[in-house]
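The following note sets out several points on the model for the attention of a colleague. It proceeds from one strand and its neighbours to the sheet, and then to selected side chains.

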Amino acid sequence: MSLLYRFVWGVVRLAAPLFSIGDSKVARGLAGRRRAHEVLAAWGETIRDPQRPVVWFHAPSVGEGLQAQAVIEELRAARPDLQVVFTFFSPSAVDLARGMAVDVAAYLPWDLKRPLARVLDALEPDAVVFTKTEVWPTLASEAAYRDIPVAIVAATVPDGAGRTSPLAQALLGRAWSRMSLAAANSVADAEQLGRLGVPPNVLEVIGDPGIDSAATRFDARDREASWLTPFQRDRRPTVVAGSTWSADEDVLIPALERVRVAVDGLRIVIAPHEPTEVAVASLIERLRADGWRTTTLADFERPTGTPSPGEDFGPDAIVVERVGVLAELYEVASVSFVGGGFHDRGLHSVLEPAAAGSPVVFGPRHHNARAASELISDGGAKVAGDQQALERVVRAWLLDEESRNEAGAAAVGYIDRHRGAAKRCATLLDSLISTIR
């Protein structure tokens, strides 16, 4: 199996120049990965301070990167001398990586022995830390060969996850067995990790650092930001729909069409998961065809884009054409809809709207997100299986202020009760590093 794995990655690496032309996510990812090992090795060989510890964090994409960021910040607070290397897999995480307090960031190099050997020999990390779901077998193997501890934080294994398949277990079994620390989000996750081969003595249940990330980012929001002030001048019932796919919008938009018959002044804010120029233009065209006065967030935040108090000629549908502002936009939500629940990739994060104190609703495909189920149990969220159910949930919350406030308070309560995982995780990593230095 390992020989086949290395062969496949070797073929992909050789073919990468042919498929790294253009601006697609695949092309950008391949282009960034071609020289990632050189970027990391150059930092290790020329800038790294050998007298200070180094930890290599890896996260697949933005959501996992935010979890890693919360742990990194706590670990830096405990170890001010720490040097941090951060790698990612998806092009979506490029902007996040640029803003992180790390010493060097790059795409994850090819998971092949030769490039990883060069990187590990140059970095000499005191630990390699994976985040949430993604463990790369060659990196884990090469680290273990050099007696470098391998850890995973924010670890979660939902029921039916691909990692539980026989093929995945055959490929990743040795990597799981080499873990020096596995910090799981829940008891159920820890049990699943044990079944995958993680040694029982390295399993720890510490909670989800993503909760700390969501809460910290919301607490630190700029309430005077240009994309928030127009909403504050033009207050009205507002549904913020975040990280939507077309499958979500096919349910959401017709449902909100019916809701606005009962709710005067309804405004919707839709942030597509991938706000490409084509996706934004298509969504605007669709909303306008359905009778919504539609604009982009960029146009709405201009001074002329907002009506004076009491006037009713402003836009009632706003499409977010950028990334990086959604977590703050949830502050203006009377009700939040989180996308992915009607999409085959599963639900996106419900933590940001919950941290903002907004009641949350989403589609039925939420079993990959344990926080979603827990929010439902706590009363801070509801699931809607179709257009009619979504219409009922949103309309009921918008028309009943008391129930809406109760749900919002339950959402915030969930966040507050589960804070602290990032610090607990950092403490465990600090102990792991301390055994070396």
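1. Pairing of E4 and E5. In this predicted model, strand E4 (residues 127–131) pairs with E5 in the parallel sense, over four bridges. The connection between E4 and E5 passes through helix H7 (residues 137–145), and this β-α-β crossover is right-handed. Two positions illustrate the register: Val129 stands opposite Ala151 in E5, and Phe130 has Ile152 of E5 as its bridge partner.

2. Pairing of E5 and E6. Strand E5 is also joined by four bridges to strand E6 (residues 179–184), and E5 and E6 run parallel. Here Val150 is placed opposite Met179 in E6. Together with helix H8 (residues 166–177), E5 and E6 form a right-handed β-α-β unit.

3. Burial of E5. How many residues of strand E5 (residues 150–155) are buried? Six of its six residues are, and the strand is described as mostly covered.

4. The sheet as a whole. Strands E4, E5 and E6 belong to an open sheet of seven strands, ordered E3-E2-E1-E4-E5-E6-E7, with parallel pairing. Strand E3 (104–107) and strand E7 (203–205) are the edge strands, each pairing on one side only. From one strand to the next, the twist averages 20°. Helix H4 packs on this sheet and touches strand E1 (54–59), E2, E4 and E5. The direction of H4 makes about 160° with that of E1.

5. Salt bridge between Asp430 and Arg79. The structure holds 26 salt bridges. In one of these, the side chains of Asp430 and Arg79 meet at 2.9 Å, N to O. Asp430 lies in helix H20 (residues 421–434), whereas Arg79 lies in the loop between helix H4 (62–78) and strand E2 (83–88), so the pair ties together parts that are 351 residues apart in sequence. Both Asp430 and Arg79 are buried. The loop that carries Arg79 thus begins after H4, the helix that packs on the sheet.

6. Salt bridge between Glu257 and Arg260. The side chains of Glu257 and Arg260 form a salt bridge at 3.5 Å, N to O. What separates the two residues along helix H12 (residues 246–262)? Because Glu257 and Arg260 are three residues apart in H12, about one helical turn lies between them. Glu257 counts as partly exposed because its relative accessibility is 21%, and Arg260 likewise counts as partly exposed, at 23%.

7. Salt bridge between Arg322 and Glu301. A further pair is formed by the side chains of Arg322 and Glu301, at 2.4 Å, N to O. This pair links distant parts of the chain, 21 residues apart. Arg322 is in the loop between strand E11 (317–319) and helix H15 (326–329), and Glu301 is in the loop between helix H14 (297–300) and E11. The two partners fall in separate accessibility classes: Arg322 counts as partly exposed at 23% relative accessibility, while Glu301 is buried, with a relative accessible area of 17%. The cut-off for burial is 20% relative accessible area. In addition, Glu257, Arg260, Arg293 and Asp316 are joined into one network by salt bridges that share partners.

8. Environment of Thr294. Thr294 is found in strand E10 (residues 294–296). Is Thr294 buried or exposed? Thr294 is buried, because its relative accessible area is 7%. Its side chain reaches the backbone oxygen of Trp292 at 3.0 Å. Leaving aside residues up to four places away in sequence, Thr294 touches Ile284, Leu287, Arg288, Ala317 and Val319.

9. Environment of His366. Where is His366 located? His366 occupies the loop between strand E13 (360–362) and helix H17 (370–378). Although placed in a loop, His366 counts as buried because its relative accessibility is 7%. Its contacts, not counting residues up to four places away in sequence, are Leu347, Ala372, Ser373, Ile376 and Val383.

Methods. Residues are numbered from 1 along each chain as its sequence is written. This is a predicted model: local features need pLDDT of at least 70, side-chain atom pairs count only at pLDDT 80 or more; totals for chains, interfaces and linings use all residues. Side-chain values use heavy atoms; hydrogens and water are left out. Buried means under 20% relative accessible area, exposed over 50%, partly exposed in between (1.4 Å probe, protein chains only). Two strands pair if DSSP finds at least two bridges between them. A crossover is right-handed if, with the strands pointing away from the viewer, the path from the first strand over the helix to the second runs clockwise. Contact means heavy atoms within 4.5 Å. A salt bridge is a side-chain nitrogen of Lys or Arg within 4 Å of a carboxyl oxygen of Asp or Glu. Axes are lines fitted to C-alpha atoms, for helices over the stretch in contact, and angles run from 0 to 180 degrees between N-to-C directions. A polar contact is a pair of N or O atoms within 3.5 Å; within protein, one must be able to donate a hydrogen and the other to accept it, and residues adjacent in sequence count only if both atoms are side-chain atoms.
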